[in-house]
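Colleague: I have a small chain to look at with you. Could you talk me through how it folds?
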Amino acid sequence: MALEMKTACEKCGAELGPRDQVYICSYECTFCANCAESLNTVCPNYNGELVVRPRRENKEL
Ligand SMILES: [Zn+2]
Ligand SMILES: [Zn+2]
């Protein structure tokens, strides 16, 4: 199954653009940087580690 491009933080609902720093867990929960920091980079749903999703660079916008 292909990775879906989520566009909103699951916690605060903030919109996440392709150039924003986005944190994801291994179950593809998606959080903005502020929420990830407030959660100590631990997913509240699965207690998994949140990692920074690689940003897409040099791509057509
Ligand atoms: Zn958030
Ligand atoms: Zn998660």
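Modeller: What follows goes from the strands and helix to the sheet and then to the core. This is a predicted model, in which local features need pLDDT of at least 70 and side-chain atom pairs count only at pLDDT 80 or more, while totals for chains, interfaces and linings use all residues. Residues are numbered from 1 along each chain as its sequence is written, and chains are lettered from A and ligands numbered from 1 in the order in which they are written.

Colleague: How many helices and strands are there in the chain?
Modeller: The chain has 1 helix and 3 strands, where helices (H or I, at least four residues) and strands (E, at least two) are DSSP runs numbered from the N terminus, and along the sequence they follow the pattern β-β-α-β.

Colleague: In what order do the strands form the sheet?
Modeller: The open sheet has the order β2-β1-β3 with antiparallel pairing, and two strands pair if DSSP finds at least two bridges between them. Strand β1 (residues 22-24) is joined to β3 by 2 bridges, and isoleucine 24 stands opposite valine 51 in β3.

Colleague: Which strands stand at the edges?
Modeller: β2 (30-32) and β3 (51-52) do, each with a single partner strand, so one side of each is left without a neighbour in the sheet.

Colleague: New topic, what is leucine 50 in contact with?
Modeller: Leaving aside its neighbours within four places in sequence, leucine 50 is in contact (C-beta atoms, placed from the backbone, within 7 Å) with residues including Tyr23, Phe31 and Cys43.

Conventions:
Two residues are in contact if their C-beta atoms, placed from the backbone, lie within 7 Å.
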